[in-house]
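Hello,

Here is the structure we talked about handing over. Please open it alongside this email, and then read the notes below it.

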Amino acid sequence: AGADGGRAAEPSPDHVPVLAILPFESLSRDPEQDPVADGITEDLITTLSQIGTLSVVARNTAFAYKGRTVAAKQIGAELNVDFVLTGSVRQAGDRLRITAQLTDARTEVQVWTARYDRQIADIFAVQDELTLTIATALQVKLTEGEQARLRYTTTDNVTAWMHFIRGLSLFRTVSADTYRQARASFEQALVHDPDSAQIHAMLACVHAIEGRFYWTADRDRSLDLAKRHADEALARDPGNADAYAALGALYALALTFAERADEAIVQAQAAIRLNPLNPGWYRGVLGHAFRYAGRLDDAAAVLSDYNRCSPGFGLVDLVLTYADAGDPARAAQCARDLLSARPDFTIERWSLTQNCADLERLETDRKSLAAAGLP
């Protein structure tokens, strides 16, 4: 194993370097091994994000580049980053070959390259070495506490880690079935390492989303488990980002349902600024808040954009937006589009996901959906 080539990053006294860690490419023949590459990417993002003098692009934004070949200069322009880390993973039996390249996004000059040939049991040592090498190459100044955290891993149990990264792979596809499978993987990971803050945090995220969309037989229990796992994660790691994400999941949506739509708009717009390549549902939440605030033109624009990016989504709120605006023809057209995309949609099932503080508003919305032709 070793690193070679390139030049050192030029330090700047007043600029915090910004790094994008793109999903490592899996070169393994078995697609079941693909989560290993994603898991390494996730761990590097999580660990390097803990350095105060380094800014790392959020994982949702980074994973938008998965499977794409994009020049470092283009990524630099799109994400306003200084450096791009790319790499690949090849697994054969119990052996791994990991390669990594750090590239200056302004000049496309490689700062360094590295290759590691190790046993899979050494995966955590390789990641520790990678993070320290990256920090050194970027010439970031580390406090003693940050140096200690750079050696932190999700878990020191390889079996737990394999279950965990399988869960992460499933978690990125939002559906009742994939989230049920992701939860099972995270629960298996927790059996092998019950003290892992990150495993608790991801279980909290799954339970929070399952409770939100009523993908569980006992919604209250799911939300209670989300809170419990988030608290467990923060008790072990007070700075765990995913635990805070679970506790703050859909905060703007909660504000909207609480009839605090103007505050919700501020929160949703802040989330979009922080994660410019966000999942489309960010816009769904913003459009929902605009409608509650009576900003119907803004709501229609944002929700239409959501539907363009994620066909079939945002249509329920578009039906309601046009109904509120007194445009029954457009409302009915959106209702037809909704049933075409989601033929199993029912007003009753939708109502279960609406935690409205104002029950009169909910009843009005139910009538508007029915008037537009929805079952």
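**Notes on the structure**

Asparagine 80 sits in the loop between α3 and β5. Please keep in mind that this is a predicted model.

Two residues are listed here for their backbone angles. The phi of asparagine 80 is positive, about 55 degrees, although the residue is not a glycine. Asparagine 80 counts as exposed, because its relative accessibility is 62% and the cut-off for exposed is over 50%. The other residue is tyrosine 214, which is not a glycine either and has a positive phi near 60 degrees. Tyrosine 214 is found in the loop between α8 and α9 (219-236). Its relative accessibility is 25%, so tyrosine 214 counts as partly exposed.

**Helix α8**

Tyrosine 214 follows α8, so that helix comes next. Helix α8 runs over residues 197-212. How far apart should the ends of its 16 residues be at 1.5 Å a residue? The expected span is 22 Å, and the end C-alpha atoms are 23 Å apart, which agrees. As for burial, 16 of the 16 residues of α8 are buried, so the helix is largely enclosed by the rest of the structure.

**Helix α12**

Helix α12 covers residues 261-274, which makes 14 residues. From its first C-alpha to its last it reaches 20 Å, close to the 20 Å expected at 1.5 Å a residue.

Which residues of α12 are buried? They are Ala261, Ala264, Ile265 and Ala268. Viewed down the axis of α12, the buried residues fall within an arc of 105 degrees, so they line one face of the helix. Asp262, Arg273 and Leu274, on the other side of α12, are exposed. The cover over the buried residues of α12 includes α11 (251-257) and α13 (281-292).

Alanine 270 is also part of helix α12. With a relative accessibility of 22%, alanine 270 counts as partly exposed, because the partly exposed class lies between 20% and 50%. Alanine 270 and arginine 336 are 66 residues apart along the chain, and their C-alpha atoms are separated by 33 Å.

**Phenylalanine 313**

Phenylalanine 313 is in the loop between α14 (296-309) and α15 (315-324). Its relative accessibility is 43%, so phenylalanine 313 counts as partly exposed. Leaving aside residues up to four places away in sequence, phenylalanine 313 touches Leu303, Tyr306 and Asn307. How many residues apart in sequence are phenylalanine 313 and glycine 284? They are 29 residues apart in sequence, while their C-alpha atoms are 7.9 Å apart in space.

**The second largest pocket**

The second largest pocket has a volume of about 460 Å³. It is lined by 22 residues, and the closest to its centre are Pro23, Glu25, Arg68, Thr69 and Thr86. Four elements are worth finding on the structure here: β3 (25-26), α3 (72-79), β5 (83-92) and β6 (95-104) are those that give two or more residues to the lining of this pocket. Which element gives the largest share of that lining? It is β5, with four residues. By type, the lining of the second largest pocket divides into nine nonpolar, nine polar and four charged residues.

**The second largest cavity**

How many cavities of 30 Å³ or more does the structure hold? There are two. The second largest cavity has a volume of about 30 Å³. Its lining is made up of Glu42, Asp43, Thr46, Arg59, Thr154, Phe164, Leu168 and Gln198. The elements that give two or more residues to the lining of this cavity are α1 (34-48) and α6 (158-171). Of the elements, α1 gives the most, with three residues. By type, the lining of the second largest cavity divides into two nonpolar, three polar and three charged residues.

That is what the notes cover.

Regards

Definitions and conventions
Residues numbered from 1 in each chain as written. Predicted model: local features only at pLDDT ≥ 70, side-chain atom pairs only at ≥ 80, totals over all residues. Heavy atoms only, no water. 1 Å grid on protein atoms, 1.4 Å probe; cavity = no way out; pocket = protein on both sides within 12 Å on 5 of 7 lines; lining within 4 Å. Points joined across faces, edges and corners; volume = space filled by probe spheres on them. Nonpolar A, V, L, I, M, F, W, Y, C, P; charged D, E, K, R; others polar. Expected span 1.5 Å × (residues − 1). Buried < 20%, exposed > 50% of the residue type's maximum accessible area, 1.4 Å probe, protein only. Arc of directions from axis to C-beta. Contact = heavy atoms within 4.5 Å.
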